[in-house]
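Me: Hey, can you walk me through this protein with me? I'm new to reading structures, so plain words please.

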Amino acid sequence: QKLGSSVNTSANEMAPFVTKNNELYFSSDRKAGFGGFDVFYIDLNDKDAKAINLGSAINSKEDDFSYSINTQTSKGYVTSNKSGISFRASMA
């Protein structure tokens with residue numbers, strides 16, 4: 001389901017994850033990224049919110065997608081096709 005121009009663009013959006021707090025994490029290959037697919041965040045409770053790229057702690061020049069997070073512990077998982085890299089990132 002399309003959510004409007006604050007989420008959907010002419011690029012490809014995929015792998016949505018919605019928290020209990022109605023926060024949406026999704027991947028997109030839009031121009032505002034580091035390359036490939038990047039993970040973005042938007043608070044669906046805020047009608048004026050814009051999608052925010054989660055930055056280089058999560059995203060790379062490769063494809064980063066399928067992000068999920070436990071909002072109580074701020075720990076989550078991201079799927080990526082980065083080669084030879086192991087990392088741990090947390091969102092504060």
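**Chatting through the fold**

Reply: Let's start inside: Tyr25 is buried, with a relative accessible area of 8%. One thing to keep in mind is that this is a predicted model.

Me: OK, so which ring does Tyr25 pair up with?

Reply: The structure holds three aromatic pairs. In one of them, Tyr25 and Tyr67 sit 4.9 Å apart, centre to centre, with 40 degrees between the planes, and that makes the pair tilted. This pair links distant parts of the chain, since Tyr25 is in strand β2 and Tyr67 is in strand β5 (residues 64-70), 42 residues apart.

Me: And Tyr67, buried or exposed?

Reply: Tyr67 is buried, at a relative accessible area of 5%.

Me: What's the arrangement of Phe26 and Phe40?

Reply: Phe26 and Phe40 form a stacked aromatic pair, 5.8 Å centre to centre and with 20 degrees between the planes. Phe26 belongs to strand β2 and Phe40 to strand β3, so their pair ties together parts that are 14 residues apart in sequence.

Me: Are those two buried or exposed?

Reply: Phe26 counts as buried at 4% relative accessibility, and Phe40 is buried too, with a relative accessible area of 2%.

Me: Which residues make up the aromatic cluster?

Reply: Tyr25, Tyr41 and Tyr67 form one cluster of aromatic residues.

Me: Switching topic. How are the strands ordered in the open sheet?

Reply: The open sheet has four strands in the order β1-β2-β3-β4, and their pairing is antiparallel. At the edges are β1 and β4 (52-53), each of which pairs on one side only.

Me: What actually holds strands together in a sheet, in general?

Reply: Strands of a sheet pair through backbone hydrogen bonds, and the pairing can be parallel or antiparallel.

Me: How many bridges are there between β1 and β2?

Reply: Four bridges: strand β1 (residues 13-18) and strand β2 (residues 23-28) pair over them in the antiparallel sense. If you want to trace this in the viewer, Val18 stands opposite Leu24 in β2, and Glu13 has Ser28 in β2 as its bridge partner.

Me: What about the stretch joining those two strands?

Reply: β1 and β2 form a hairpin with four residues between them. Asn22 is in the loop between β1 and β2, and its phi is near 65 degrees, a positive value in a residue other than glycine.

Me: Why would anyone point that out?

Reply: Because most residues other than glycine have a negative phi.

Me: Is Asn22 buried or exposed?

Reply: In between: Asn22 counts as partly exposed, at 28% relative accessibility.

Me: Where else is there a positive phi in a residue that isn't glycine?

Reply: Look at Ser74, which is not a glycine but has a positive phi of about 60 degrees. Ser74 lies in the loop between β5 and β6 and is partly exposed, with a relative accessible area of 27%.

Me: New topic: charges. How many salt bridges does the structure hold?

Reply: One salt bridge. The side chains of Glu13 and Arg30 meet in it, at 3.1 Å, N to O. Glu13 lies in strand β1 and Arg30 in the loop between β2 and β3, so this pair ties together parts that are 17 residues apart in sequence.

Me: Are those two residues buried or exposed?

Reply: Glu13 is partly exposed, with a relative accessible area of 24%, whereas Arg30 counts as buried at 14% relative accessibility. That fits the cut-off, because buried means under 20%.

Me: And which residues form the nonpolar patch on the surface?

Reply: Leu3, Val18 and Leu44 form that patch, with about 230 Å² of accessible area together. Leu3 is in the segment before β1, and Leu3 is partly exposed, with a relative accessible area of 45%. Val18 came up earlier as the residue opposite Leu24 in β2.

Me: Last one. What's the mean pLDDT of the chain?

Reply: The mean pLDDT of the protein chain is 87, and 90% of its residues reach 70 or more. Among the elements, strand β3 (residues 38-43) has the highest mean pLDDT, 96, and strand β6 (residues 75-80) has the lowest, 86.

Me: What should I do where pLDDT is low?

Reply: In such places, the predicted coordinates should not be read in detail.

Notes:
Residues are numbered from 1 along each chain as its sequence is written. This is a predicted model: local features need pLDDT of at least 70, side-chain atom pairs count only at pLDDT 80 or more; totals for chains, interfaces and linings use all residues. Side-chain values use heavy atoms; hydrogens and water are left out. pLDDT is the predictor's confidence in each residue, from 0 to 100. Two strands pair if DSSP finds at least two bridges between them. Patches are made of residues with over 30% relative accessible area and no salt bridge: like charges are joined within 9 Å, nonpolar side chains (Val, Leu, Ile, Met, Phe, Trp, Tyr) within 5 Å. Accessible areas come from the Shrake-Rupley method with a 1.4 Å probe; for residues, only the protein chains shown count as cover. A salt bridge is a side-chain nitrogen of Lys or Arg within 4 Å of a carboxyl oxygen of Asp or Glu. Buried means under 20% relative accessible area, exposed over 50%, partly exposed in between (1.4 Å probe, protein chains only). Rings of Phe, Tyr and Trp (its six-membered ring) pair if their centres lie within 6.5 Å; planes under 30 degrees apart count as stacked, over 60 as edge-to-face and the rest as tilted.
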